[in-house]
Structures are given as structure tokens and as C-alpha cells.
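Q: Please take a close look at one part of this structure and what lies around it. Explain the reasoning step by step, in plain terms.

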Amino acid sequence: MNGAPLTLFNSFSRSLEPFAPAQGDVARVYSCGPTVYNYAHLGNLRAYVFTDTLRRTLAFKGLGVRHVINITDVGHLTSDADAGEDKMELAAAGLGKDIWEVAAFYTAAFKRNLADLNVLDPTLWSVATDHIADMIAFAGKIAPDHCYEIDSGLYFDVTTVPDYGRLARAVSEEGESRIDPVTGKRNAADFAIWRRSPQGEQRQMEWDSPWGRGAPGWHLECSVMSLKYLGPEPFDIHTGGIDHREIHHPNEIAQNQAYCGCTDATPGFTGARFWMHNNFLVDRQGKMSKSAGGFTTLQSLIDAGVHPLAYRLLCLSAHYRSELEFSTEAVLAALTRLKRLVLTVERLPLASVDSGADAPAAIRLYLDRLDAGLSDDLNTPVALTALDDLLADKSLSPEDRRAGLERFDAALGLNLLRITRPELRLRPATASPTEAEIEASLDERQQARAARDFARSDAIRDSLFAQGVEVMDGDPLRWDWRIALD
Ligand code: AMP
Ligand code: ZN
């Protein structure tokens, strides 16, 4: 591994730990993916900007990365604990749509969001419903010693594994008292491995199993797919949002322990070596959540004229383990910061540099700061300050700054070398007049000013203003106009 020692915060030990892959130079990473019953909200997307930062950091350190993200298209109930209804079934019924169409539609929307955020594709997308046979085989293996059957299906008895809930540090019973407690469970924290379809009810998604016709529990899929593609011996890093630290991941760990025959003699076994969690994106009402309605999607930002990488920059401006408050002002401030960066970059000469070549000595200092920041548990705010300083350092040749920028772009994914100023213009999708019309008026105004016809020039500015376009003479960022956001 290159550069500074890499330390990552392991939620399992609640401490920073030195990281190196268990096997060779390839880190194996599993990220809990979205439940595709609706658009991802900005909070969900923070989770994938975080995993992308992790992935890019590992690559920056010279490691290969095998990264799996799953798509949850079955089993996730309205409560993370085992209660309520399947989110997918509920959404499909509400929309009056075929559940498979709903899943395909929101999966595609999610992948578009990631592309807009310049999040790298994982090595493997792993879809839950493609793994039903694997899940049944896994469940069959753990059932005799760890599970019991009741009317509603096959349940995992959490007292059969050592130290259940250690990751959460407290057994959470969230949801159990609020929504349909399941009758017949031995312990409140026991969870469904297989949910039998209720008598007389047909689910859109259901399969035959030794425990009757039904569908797998949500936690099962992540154990099955992570161990199938990255295990069965402990893989390197498992990620998710901090809500998963409380229920979903402790349940995965319990299943992994059961599957791998872990006993009291091996209490540290969890299936993964590091468990990493991003903190929440919150708004003034609290944690953003899809199911609560009133969420903000990335597309809604784009439609309002905000470049999606401004949202990425906003995420990077906070450490992933801190809460981040979302507001229009915050994302507009990030957009302004992005514009400044792009403006500076556009002034650099175009000649591309060989990014494979050794970094010129003059920029070593900045790359060391980038390395020190990222190696310190992905400290992106520190990395961003190093980027600002690199771009501001007039003692460097433009070529050197560009060479540095290639590395910062690869590590932070801001795409500063590709996006252009016009793309960053605040331009709501619904805004009128069109961009061409604005440009034509501005040309005309330019001519009026050149002819010292200031009355005409002011009239054009006022007319644009009446149409919601603010002309900004002398804008230090040299954006000539913008459309005001509410
Ligand atoms: P879901 O689609 O609900 O399974 O969630 C996808 C990912 O987003 C999971 O890793 C969640 O932990 C994460 N997540 C959900 N809400 C938020 C939020 N407000 N801020 C950050 N991450 C979140
Ligand atoms: Zn998961």
C-alpha cells in the first residue's frame, strides 16, 4: 500500500484501526444497496458517495477493490425489525403496477443517480431476487441449530449465537412495539429468515421453500450475497448507513456466525473484518427518509438547476461519520465552491499530462496532504483544503497543478477536469426564456453597451430580470447571468 498508513473507523470495535486487505492487494467490500420501491433520496445517496470515497481511497492507496452492491427488491419490511409489510409489495400495490416493473424502474433511476454523482460502478451488482435458491440453501444450513418455525414463517433465534447485537451495543427493539408484533417469536429481537405468505393471500413475489410458499427475510440476502461473492472467510469491509448498525447488520452477523459455525470460542467472528457506517443526512425536520414522504431526490436538485456534483461536494465537505444538514443554502454554497474550482481549472493550460507518470516533485506536498487526509479515516474536508491550496499555489506551473488535479479528481471524483462552466449554471429545467434567447439578449446588450447606449442596455437587463434572469455584471466568477432559485 502506498503512502501513509491507512486507518479506518471500525464500528464493531468503535475505534480507528489500521487497515490492510486480508488477502494480497485486493480489498473486498460489500455495500448494502437500496430498496428499490421508490427513488433514492439525498440521504440514501450520501451512503454511496461515502462508499465511493472509500473505494477511491483504496485505489489511491494502490489497492485493487472488489466491490459488491446489492439491490434489495424483496423482503425489506416497513420496519427494519421484522414487522410491517414488504416495502416493494406495498409500493407496487399503491401504484397498481407489476412489482418487477417497479423494481426495474427504480433500479435504473438509482444507477442514473450514481452516474450523475460520478460514483464508480461496483465490480458486481447483486440483485436479491436472483439469489433465492442460494438463500434457501443458506437457510437450510442454519435452520436446524438456529431457527424455529411459527405460523408466519421461519425465524432466527438470536440466543443461539454468541454475543448477539454486539455491533449495536444494545439490542434494539425498534418497531417491535410499534408495528404488528409477530406472535410466537421466542425473543423480541428474533427475525424472519423466511416469511410464509399468509393463508389466502398471494404476494406478487413468492417462491416455494421447505418452509412453505413465501419470500426471504431482508437480512438473509446480504449474508448470502456477501459470503457468496466475497467470503466465506471474513471479507474486508461491509458498509451501510448508521441505521444498519442497529438491526440489519447485527442480524447479518448472527446469520454469518450461524452459517460459519462460529462458537463462543470465536466471538470476534462477524463475517467481515471492518463494519463501516456513514452518518445521516438530516434536514430541519430530522433524518431524511423515503418512507416519510417529503424527501428530496437528486433529480429534484438537477431540475432546480443545481449540478449533481455540487451535492457530491457538499457530502465531501463533511466527514462521513458526522451528521450533515441539508438545506438549499448549503447546496448552493457547495455549487459556488464547485464553480470557483472549475473556473480555476479552466484557466490552466489544456495540455493533458500523463497521469501514470510519477507525480512531479513540486506537487508532492499536496499529494501527501491528500494522502494524509484520506488515510485518516477518509477525512475529505482535509483533502478538499489541500485541493484548494494546490489550485491557489501560484508558485506551481500550470502543468504541475494540472498533474496534481488529475490525482485529486481520481481520489475525490469531482470531475473538475471534465465539467465546464456552462454546465454549472444555475438553470432550472422549467425556466424560460431558453438559454439561446438569454444569450441573444445578452449579445444585444453587449452591443448596446459598446455603442454607449446605456438606456437600451438597462432596458434589456430589466426585461431579463422580469423574466427571472439576473444579469451579473462584474460577477467575480464571471458567470454572466443566473436564474434565481426560490
Ligand atoms: P434503503 O434504500 O432504505 O435500504 O437505504 C439505502 C442506504 O441509505 C442504506 O445504507 C441506509 O443506511 C442509507 N440511509 C438511509 N437514510 C439515510 C440518511 N438520511 N442519511 C444517510 N444515509 C441514509
Ligand atoms: Zn444489507
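**Cysteines and the ligand site**

A: Cys260 counts as partly exposed because its relative accessibility is 31%, and partly exposed covers values between 20% and 50%. This is a predicted model. The cysteine sulfur closest to that of Cys260 belongs to Cys262, 8.0 Å away, which is too far for a bond. A disulfide here requires two cysteine sulfur atoms within 2.5 Å. Cys315, by contrast, is buried, at 5% relative accessible area. Its sulfur has its closest cysteine sulfur in Cys32, at 18 Å, so no bond can form there. Searching the whole structure gives zero disulfides.

Next comes the ligand. Ligand 1 has 20 residues around it, and those that come nearest are Thr35, Gly43, Gly241, Asp243 and Leu281. Three oxygen distances give some detail. A backbone N or O atom of Thr35 is 2.9 Å from an oxygen atom of ligand 1. For the side chain of Asn44, the distance from an N or O atom to a ligand oxygen is 3.1 Å. For the side chain of Asp243, the corresponding distance is 2.4 Å. Ligand 1 on its own exposes 490 Å², of which the protein buries 96%.

The shell around ligand 1 consists of six nonpolar, 11 polar and three charged residues. Helix H1 (42-60) and strand S12 (235-241) each contribute at least two of its residues, and H1 gives the largest share, four residues. Because domain 1 (7-278) and domain 2 (287-423) both supply residues to this shell, ligand 1 lies between them.

Notes. Residues numbered from 1 in each chain as written. Chains lettered and ligands numbered in written order. Predicted model: local features only at pLDDT ≥ 70, side-chain atom pairs only at ≥ 80, totals over all residues. Heavy atoms only, no water. Near = heavy atom within 4 Å. Polar contact = N/O pair within 3.5 Å; in protein donor to acceptor, adjacent residues only side chain to side chain. Areas by Shrake-Rupley, 256 points an atom, 1.4 Å probe, with all protein chains shown as cover. Nonpolar A, V, L, I, M, F, W, Y, C, P; charged D, E, K, R; others polar. Domains from an automatic or database assignment. Buried < 20%, exposed > 50% of the residue type's maximum accessible area, 1.4 Å probe, protein only.
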